[in-house]
Amino acid sequence: MMNIPKGTKDVLPNDSYKWQYVEGVARDIAKRFQLKEIRTPTFEHTELFLRGVGDTTDIVTKEMYTFKDKGDRSITLKPEGTAGAVRSFIENGLANGVLPAKLYYITPAFRYERPQAGRLREFHQFGVEIFGAKGAQTDAETIMLADSLLKALGLNVKLFINSIGCKQCRAAYNKALKDFFAPHLNELCYDCKNRFEKNPLRLLDCKEETCKKINASAPSIIDYLCEDCNAHFTELRAYLDLAGIQYEIDPRIVRGLDYYTRSVFEFVSTSIGAQGTVCAGGRYDGLIEELGGNPMPAVGFAAGIERLLIVMEQTGVKIPDPAVPTVYLAGMDAECRQKAFEVATKLRLAGIIAEIDHMDRSVKAQFKYADKLGAKFVAVIGGNELSEGVMNVKSMATGESEKVAFANAVEYFFNK
RNA sequence: GCGGGCAUAGCUCAGUUGGUUAGAGCGCCAGAUUGUGGCCCUGGAGGCCGUGAGUUCGAUUCUCUCUGCCCGCCCCA
């Protein structure tokens with residue numbers, strides 16, 4: 001028996017409508033904020049992610065699906081959506097078009113990780129990227145968009161924000177961090193000793209108890225923001241207040257991707273175990289230049305669709321039922337089935353959801369089947385009906401029947 | 001990459017102190033005197049009891065291995 005690769009999932013017919021619903025809501029919200037969809041390839045040159053995501057990040061160093069293609073090119077399945085969107089933006093000259101470019105995508109992404117609740121090797125993201133706008137108002141709008149999406153999906157989540165500054169203030173802060181941690185260096189965990197050298201920011205992020213105790217009193221990045229970054233962060237908060245969005249400042253969120261600058265944020269749900277971050281993002285003013293474009297500010301986020309669905313499931317959010325047949329046409333014998341087929345065709349061409357028997361079932365069995373499908377009406381066509389040119393239409397909800405001429409079928413079922 | 005738990009029907013799970021035809025509920029299919037669903041009743045299909053090895057006269061049951069799944073760490077959406 002062939003089975004599905006580790007860390008992947010089938011979306012079965014009984015669940016796919018949930019995905020369609022979430023994607024539909026996301027597209028709606030995107031439209032409301034005037035974002036346009038961008039679709040980029042599932043794989044890119046490995047180099048793009050090395051430079052875009054950061055070659056010291058965990059994602060790049062140990063989680064990418066990288067392989068050589070038959071032309072000996074190093075190819076990588078996208079581990080996130082931003083790098084590809086930025087590449088496309090630059091390569092297609094969208095930077096010379098109307099700005100800001102407000103984009104969104106729904107894409108699979110791939111990371112070689114140990115699967116667990118809310119974490120798969122192939123997962124799906126709804127992502128948003130806004131290129132060209134530097135003001136905090138745009139950060140606020142991006143957060144507002146994410147907030148609207150989560151609310152539209154009926155989720156109750158908490159928003160945490162922070163600013164991790166720009167290159168200049170980060171340098172000052174890294175120095176302050178090193179000064180703070182230096183005396184504790186041998187109390188820190190193995191990872192943190194490395195972080196101390198390579199990326200002191202990430203020391204704040206450690207989940208080890210002893211490290212947590214130490215970094216609880218570490219200096220806060222917010223106190224080290226340069227004048228511009230500080231003003232930007234203040235402005236962001238003002239705009240969030242203006243939008244009526246509740247948030248909490250968490251100086252410990254630093255994000256695991258190298259490209260972030262200034263604003264970073266996470267929407268966290270407490271109802272799904274360890275992988276509670278349902279949506280996260282921030283500003284990345286250096287990335288477009290890093291990937292070869294002219295310097296241009298950018299801000300965005302990604303939401304994990306599987307995680308959204310898990311939270312919705314756990315909290316009992318109602319998803320609208322999938323479409324059911326307006327009418328099931330039950331034919332009694334071969335001739336009647338043919339008539340059923342004919343009427344169904346007419347109804348379908350008129351946009352009415354109609355279903356017929358495909359299994360040569362008895363009328364009784366057809367009724368059971370129609371009931372399982374959730375059909376609103378069953379139209380019985382037997383010898384008697386055929387000779388009268390009518391079908392016997394039964395409402396499955398009330399149990400009442402009436403005769404409807406074949407000629408009036410479309411008219412009868414329209415808007416039912 | 002590290003740690004813990006679990007693998008029996010499509011699903012949720014019993015069970016076998018080692019013994020011949022392995023069970024329930026749900027789901028699926030059909031029937032209940034032949035043209036009508038839901039509830040109830042009856043019947044049916046569907047399992048190499050995760051893989052490989054060991055112990056044994058005999059293993060789904062005991063031991064080990066592998067694999068897979070779940071949960072946590074790490075990381076992230």
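A residue counts as buried if 20 or more other C-beta atoms lie within 10 Å of its own. Keep that cut-off in mind for the views below, which come from a predicted model.

**Strand E12, buried from end to end.** With 5 of its 5 residues buried, strand E12 (residues 327–331) is largely enclosed by the rest of the structure, which is why we start with this strand. In a regular strand, side chains alternate between the two faces of the sheet. Here both faces of E12 are covered. Val327, Leu329 and Gly331 are buried on one side, while Tyr328 and Ala330 are buried on the other. E12 runs parallel to strand E13 (residues 354–356), and 3 bridges join the two. One pairing to pick out is Tyr328, whose bridge partner in E13 is Glu355.

**The whole of chain A, for orientation before the other close-ups.** Chain A has 15 helices and 16 strands. Its C-alpha atoms fill a box of roughly 95 × 50 × 45 Å along the principal axes. The radius of gyration is 28 Å, where a compact globule of 416 residues would come out near 22 Å. Of those 416 residues, 38% are buried. Take the contacts with a separation of 6 or more: 69% of them link residues 24 or more positions apart.

**The open sheet of 8 strands, with mixed pairing.** Reading across, the order is E1-E5-E6-E11-E10-E9-E7-E8. Strand E1 (36–37) and strand E8 (248–249) are the edge strands, each pairing on one side only. Further in, strand E7 (residues 158–163) and strand E9 (residues 261–268) run antiparallel and are joined by 6 bridges. Look for Ile161, which has Phe265 of E9 as its bridge partner. Helix H4 (residues 82–91) packs on this sheet, touching strand E5 (101–110), E6 and E11. The direction of H4 makes about 45° with that of E6. H11 packs on the sheet too, and this helix touches E6, E10 and E11. Its direction makes about 50° with that of E11.

**Helix H11, tucked in among its neighbours.** Helix H11 (residues 305–314) is largely enclosed by the rest of the structure, because 8 of its 10 residues are buried. The buried set is Ile305, Glu306, Arg307, Leu308, Leu309, Ile310, Val311 and Met312. Note that Glu306 and Arg307 are on that list. What does the covering of these buried residues include? Helix H1 is part of the cover, along with strand E6 (122–131), strand E10 (277–283) and strand E11 (298–304). After the helix comes Gly316, with a positive phi near 70°.

**Helices H1 and H5 crossing.** The axes of helix H1 (residues 13–32) and helix H5 (residues 136–152) come within 10 Å and cross at roughly 145°. The crossing of H1 past H5 is right-handed. H1 brings Val25, Ala26 and Ile29 to the contact, and H5 brings Leu145, Ser148, Leu149 and Ala152. Sorted by class, that makes 6 nonpolar residues, 1 polar and no charged ones.

**Leu177 and its partners.** Leu177 sits in helix H6 (residues 167–181). Is this residue buried or exposed? Leu177 has 23 C-beta neighbours inside 10 Å, so it counts as buried. Leaving aside residues up to four places away in sequence, Leu177 touches Pro200, Leu203, Ala218 and Pro219. Take Pro200: 23 residues separate it from Leu177 in sequence, and the two are 6.6 Å apart in space, C-alpha to C-alpha.

**The open sheet of 3 strands.** Strands pair through backbone hydrogen bonds, either parallel or antiparallel. In this sheet the pairing is antiparallel, and the order is E2-E4-E3. Strand E2 (43–45) and strand E3 (66–68) stand at the edges with a single partner strand each, so one side of each has no neighbour in the sheet. From one strand to the next, the twist averages 35°. E3 pairs with strand E4 (residues 74–77) over 3 bridges. Within that pair, Thr66 finds its bridge partner in Thr76 of E4.

Definitions and conventions: Residues are numbered from 1 along each chain as its sequence is written. Chains are lettered from A and ligands numbered from 1 in the order in which they are written. This is a predicted model: local features need pLDDT of at least 70, side-chain atom pairs count only at pLDDT 80 or more; totals for chains, interfaces and linings use all residues. Helices (H or I, at least four residues) and strands (E, at least two) are DSSP runs, numbered from the N terminus. The radius of gyration is taken over C-alpha atoms; the globule rule is 2.2 Å times the number of residues to the power 0.38. A residue is buried if 20 or more other C-beta atoms lie within 10 Å of its own, exposed if 12 or fewer, and partly exposed in between; C-beta atoms are placed from the backbone. Two residues are in contact if their C-beta atoms, placed from the backbone, lie within 7 Å. Axes are lines fitted to C-alpha atoms, for helices over the stretch in contact, and angles run from 0 to 180 degrees between N-to-C directions. A crossing is left-handed if the near helix is turned anticlockwise from the far one by less than a right angle, and right-handed if clockwise. Ala, Val, Leu, Ile, Met, Phe, Trp, Tyr, Cys and Pro count as nonpolar, Asp, Glu, Lys and Arg as charged, and the others, Gly among them, as polar. Two strands pair if DSSP finds at least two bridges between them.
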